[in-house]
Amino acid sequence: MSRRAASWTAAILVAAAAFMYGAVAERPPSTNADRVRALAEDFACPVCAGQSVAESDVPVAREIRRQIAVWVDEGRSDAYIRDQLVAAYDADIDYNPSGSGVTSLVWILPLFAGGGIAAVVVVMLRPGRAPARDSGALPVAGRRRRWRNAATWTVAIVVVAGAAGLLVARSSGSRTAEGSITGEIRSTAREKIFEAQQRLSDGDMAGAIAAYDEALEIQPSNVEALTYRGWLTSRQGDLAGAAPYLDDAVAVDPAYPDARLFRAIVALEEGDGASAAQDLAVFDSLDPPPYAEQLLAQSRVRERVAEARDAAALQAVDALAALGERPAFGETALTVGDALAASEALASRGDLLEAVQLLDWVLESRPADPDVLAGRGWLLVRSGDAELFALGVHYLDAALGNDPSNATALVYRAFARWQHGDIGGARADLAAFDALPHRPPDLVRLIEDQALRTALN
């Protein structure tokens with residue numbers, strides 16, 4: 001084989017190898033969501049049989065997927081994520097504990113391709129045997145042929161280098177928190193969220209959902225996109241489909257008020273009053289924005305949570321009463337909160353005596369509990385009977401004697417003193433309540449609804 005033929009053969013083989021690798025190599029994820037899915041498929045569910053983290057929907061698998069999404073959005077490497085999960089769940093979680101290293105070829109191959117072709121060009125352009133002494137200078141035709149060869153191989157180098165560059169670009173498609181070839185993820189996700197808001201204001205719910213999906217493709221752990229994707233899904237009547245989005249949002253940012261509110265509403269619509277009450281309590285502690293408070297009032301979340309809580313507490317108390325002889329309060333699974341809720345429910349339906357007897361039963365096991373003493377006193381103060389009113393104040397005094405900073409007893413006694421005409425005493429109790437580091441939201445609302453401050457001023 002001539003030197004020219006060997007050079008052509010070498011160049012063709014190098015170019016073919018580059019394009020063949022590009023054809024068969026697995027295309028890396030192009031978005032963060034793609035990368036999350038790909039990584040989730042590489043890890044086994046710790047508590048499932050034969051399922052990957054991507055396939056399983058048990059709580060631990062969902063938590064791992066959420067954590068992977070956060071790490072991916074933070075720009076963590078695959079190796080970092082793998083090390084963290086192996087450290088947390090043992091090496092058995094990793095389906096691919098040792099990498100093949102094939103992907104790294106995409107960075108090396110262009111160098112070999114360019115170097116090989118450059119070497120071939122050098123060989124091609126080297127002059128052959130020196131011309132005869134009497135032949136004179138290299139013929140014009142020969143010089144032209146050499147320049148054509150140089151131009152041809154220059155084009156070849158550009159083509160193969162471009163193909164190698166495309167291969168590198170294919171392996172660089174994932175986004176990082178600091179920005180990458182595809183752009184800075186937070187600004188791009190924000191643009192999609194803004195688009196979703198615009199579509200929703202135009203009445204295009206399907207378009208808004210699609211825009212939120214695009215935001216989550218870019219940044220899977222975006223708490224706002226997760227929250228409102230779940231909320232819109234619930235408004236379409238798909239409560240089961242909405243719950244995972246809202247759960248993920250709360251897991252990513254437990255202090256995001258919108259996620260807590262929406263999850264409380266979905267829980268109520270699913271009949272889970274206990275979970276709704278937990279989310280509502282967290283929501284109240286987060287200083288939520290005015291629009292969230294308006295939605296809360298429109299949806300009657302507080303009232304519905306109270307109704308569900310009272311119904312559950314009454315059901316538990318009735319179940320104990322059905323036993324014939326009620327066991328000691330400390331031997332049951334009831335909490336003081338359950339007993340207080342049940343007593344309020346009994347009183348609201350006119351069974352004041354039964355409500356008081358229920359709290360007396362609790363006091364047999366917890367005689368100094370200030371919350372129970374305050375609850376019993378409040379029932380008696382509202383009875384409308386003068387003697388019971390005085391007895392109720394006695395119980396409120398006892399509660400504050402055991403715990404001078406008990407918020408419930410302070411507010412209840414402020415109301416009692418006001419009703420009895422003791423404005424100074426009521427103001428003192430209200431001032432003591434205002435000085436507390438934590439003021440329960442339900443008591444704050446009670447003061448506002450009954451206009452106690454206005455009455456005392």
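The exercises below, each with a worked solution, concern a predicted model of a protein.

**Exercise 1. Overall make-up**

Determine how many helices and strands the protein has, and what percentage of its residues count as buried.

Solution. The protein has 22 helices and 0 strands. Of its 457 residues, 38% count as buried. As a further step, consider the contacts between residues at least 6 apart in sequence: 58% of these join residues at least 24 apart.

**Exercise 2. The nonpolar cores**

Identify the residues with the most contacts inside the largest nonpolar core, and find the helix that gives this core its largest share.

Solution. The largest nonpolar core has 47 residues, and those with the most contacts inside it are F329, W361, F433, I447 and L452. Its largest share, 8 residues, comes from helix α19, which spans residues 407-419. A second core, separate from this one, has 34 residues, among them L226, W231, A259 and I265. To follow one residue of the largest core in detail, take W361: once neighbours within four places in sequence are left aside, W361 is in contact with L320, R326, P327, A328, F329, T332 and L334.

**Exercise 3. Two helix pairs**

Classify the packing of α3 with α10 and of α17 with α19, and describe the residues through which each pair is in contact.

Solution. Begin with helix α3 (residues 59-73) and helix α10 (residues 239-252), which pack at an angle of about 60° with their axes 10 Å apart. Because roughly perpendicular begins at 65 degrees and roughly parallel ends at 35, α3 is oblique to α10. The crossing of these two helices is right-handed. On the α3 side the contact is formed by R62, E63, R66 and V70, which meet A243, P244, D247, D248, A251 and V252 in α10. Sorted by class, the residues of this contact are 5 nonpolar and 5 charged, with no polar ones.

Turn next to helix α17 (residues 370-381) and α19, whose axes come within 9 Å and cross at roughly 25°. Since angles under 35 degrees count as roughly parallel, α17 is roughly parallel to α19. In this pair the crossing is left-handed. The contact is made by D371, A374, W378 and V381 of α17 together with T408, A409, Y412, F415, A416 and Q419 of α19, and by class it holds 7 nonpolar, 2 polar and 1 charged residues.

**Exercise 4. Positive phi outside glycine**

Locate R300 and A451 in the chain, give the phi of R300 and of A451, and decide whether R300 and A451 are buried, partly exposed or exposed.

Solution. As background, most residues other than glycine have a negative phi. R300, although not a glycine, has a positive phi of about 55°, and is found in the loop between α13 (290-298) and α14 (301-321). With 40% relative accessibility, R300 counts as partly exposed. For A451, phi is near 55°, again a positive value in a residue other than glycine. A451 lies in the loop between α21 (441-449) and α22 (452-456), and its relative accessible area of 34% makes it partly exposed.

**Exercise 5. The surroundings of L246**

Decide whether L246 is buried or exposed, and list the residues that L246 touches beyond four places in sequence.

Solution. L246 is found in helix α10. Its relative accessibility is 1%, and because buried means under 20%, L246 counts as buried. Not counting residues up to four places away in sequence, L246 touches T227, G230, W231, F262, R263 and V266. Finally, L246 and D258, which are 12 residues apart in sequence, are 9.5 Å apart in space from C-alpha to C-alpha.

How values were computed
Residues are numbered from 1 along each chain as its sequence is written. This is a predicted model: local features need pLDDT of at least 70, side-chain atom pairs count only at pLDDT 80 or more; totals for chains, interfaces and linings use all residues. Side-chain values use heavy atoms; hydrogens and water are left out. A nonpolar core is a set of buried Ala, Val, Leu, Ile, Met, Phe, Trp, Tyr and Cys residues joined through side-chain atoms within 4.5 Å. Buried means under 20% relative accessible area, exposed over 50%, partly exposed in between (1.4 Å probe, protein chains only). Helices (H or I, at least four residues) and strands (E, at least two) are DSSP runs, numbered from the N terminus. Contact means heavy atoms within 4.5 Å. Axes are lines fitted to C-alpha atoms, for helices over the stretch in contact, and angles run from 0 to 180 degrees between N-to-C directions. Angles under 35 degrees count as roughly parallel, over 145 as roughly antiparallel, 65 to 115 as roughly perpendicular and the rest as oblique. A crossing is left-handed if the near helix is turned anticlockwise from the far one by less than a right angle, and right-handed if clockwise. Ala, Val, Leu, Ile, Met, Phe, Trp, Tyr, Cys and Pro count as nonpolar, Asp, Glu, Lys and Arg as charged, and the others, Gly among them, as polar.
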